[in-house]
Amino acid sequence: MNPAFSCPLPKLDFSEIQLGHGSGGMLMQKLLEPLFGLFSHPALAEQHDGAIVSTAGRIAITTDSFVVSPLFFPGGDIGTLAVHGTVNDLAMCGARPRYLALGLILEEGLPIAELWKVLCSIGQAANDCSVAIVTGDTKVVERGKGDRIFLHTTGVGDLHPEAAISARRMEVGDRILLNGPVGDHGVAILSVREGLSFESAIESDTAPLHRTVLRLLDRFGSRIHFLRDATRGGVATVLAEAAQQGGKGIEVEEARIPVGEEVGSACELLGLDPLYVACEGRFVAVVAPEIAEEALLEIQQSGWPQAAAIGRVAAEHPGKTLLRSAIGGRRPLPLLPGEQLPRIC
């Protein structure tokens with residue numbers, strides 16, 4: 001975290017979002033002026049229709065929307081989620097995040113203090129990730145036609161020279177690594193929605209992953225075959241997609257997949273499978289077998305001490321993922337068939 005980042009609420013002559021804040025006129029200018037200081041960058045300060053920036057070599061581009069409810073939850077809010085989500089999508093391509101474009105869809109009547117709190121989170125998260133917000137857009141919808149704030153982010157990053165990330169590069173014998181316990185984000189959101197309380201607060205796992213991924217690529221290069229963050233659909237859906245896209249079989253062991261005790265209890269109580277519950281700071285890495293042990297240690301030493309090797313790529317049952325249970329049985333892990341928890345990210 002950069003200690004220089006500060007975020008006092010600016011003095012404005014309005015306390016709520018009005019339709020005029022999306023008009024493109026004077027009222028909109030008054031709303032946006034503080035943002036240029038908050039997200040300080042020369043390209044943004046130009047206030048042009050787009051941003052002119054520099055990149056080197058191959059780039060990765062990603063875009064995503066964030067509609068989470070509630071906006072604020074244990075361990076984060078929609079602002080941190082938007083930055084981390086986009087940074088992580090770039091990281092899973094093997095890219096170093098550089099620039100973000102930020103779209104705001106605001107509902108008439110939104111308190112300015114609430115908007116500013118979200119914007120400060122965005123600024124802080126971007127600062128922590130060393131990524132610049134260089135352009136954006138603001139729209140205002142009528143009261144009752146939105147849900148306070150929706151965010152849209154587009155990210156650009158420089159591709160690591162050794163990155164060659166694809167499910168099609170998975171090979172029989174590859175090892176599957178996971179950087180930490182699953183299900184925390186989804187259960188944290190659900191606990192707020194349903195008013196559930198636990199012995200200790202379950203917090204979202206939202207976090208940037210790019211620094212860990214770049215360490216892996218620096219050290220092991222193209223022997224990192226596949227990467228994917230486990231957001232909607234959880235780690236089970238990531239594995240099912242990888243098996244389908246790569247045309248290989250995947251086998252994982254339930255006992256090796258870390259699940260927090262309280263998250264596991266909450267999922268049991270609510271009838272949820274933690275393997276399908278959304279995460280926002282977890283990723284699966286499929287790596288060559290000869291580097292698996294060292295790659296796991298690298299992940300653990302980069303801030304994820306609970307990282308684990310959870311399975312392997314198999315020659316059998318191509319295109320499918322099988323879970324070996326703690327008592328020795330096996331069951332398929334298909335794609336999540338529907339929406340387990342809506343408005344989760």
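This briefing looks at one helix, H8, and at the nonpolar cores of the structure. The model is predicted: local features need pLDDT of at least 70, side-chain atom pairs count only at pLDDT 80 or more, and totals for chains, interfaces and linings use all residues. Residues are numbered from 1 along each chain as its sequence is written, and side-chain values use heavy atoms, leaving out hydrogens and water.

**Helix H8**

- H8 spans residues 261–270; helices here are DSSP runs (H or I, at least four residues) and strands are too (E, at least two), numbered from the N terminus.
- Val263, Ala266 and Cys267 are its buried residues, where buried means under 20% relative accessible area and exposed over 50%, with partly exposed in between (1.4 Å probe, protein chains only).
- Looking down the axis of H8, those buried residues fall within an arc of 100°, so they line one face; the arc is that of the directions from the helix axis to the C-beta atoms.
- Turned away from that buried side, the exposed Glu261, Glu268 and Leu269 sit on the other face of H8.
- Helix H5 (184–194) is included in what covers the buried residues of H8.
- Right after H8 comes Gly271, with a positive phi near 75°.

**Nonpolar cores**

- The largest nonpolar core (buried Ala, Val, Leu, Ile, Met, Phe, Trp, Tyr and Cys residues joined through side-chain atoms within 4.5 Å) has 52 residues.
- Phe39, Leu106, Leu119, Ile122 and Leu151 have the most contacts inside this core.
- H4 (112–129) is one of the elements supplying at least two residues, and H4 gives the most, with 10.
- Apart from this core lies another of 27 residues, including Ala163 and Ile291.

Note on methods:
Contact = heavy atoms within 4.5 Å.
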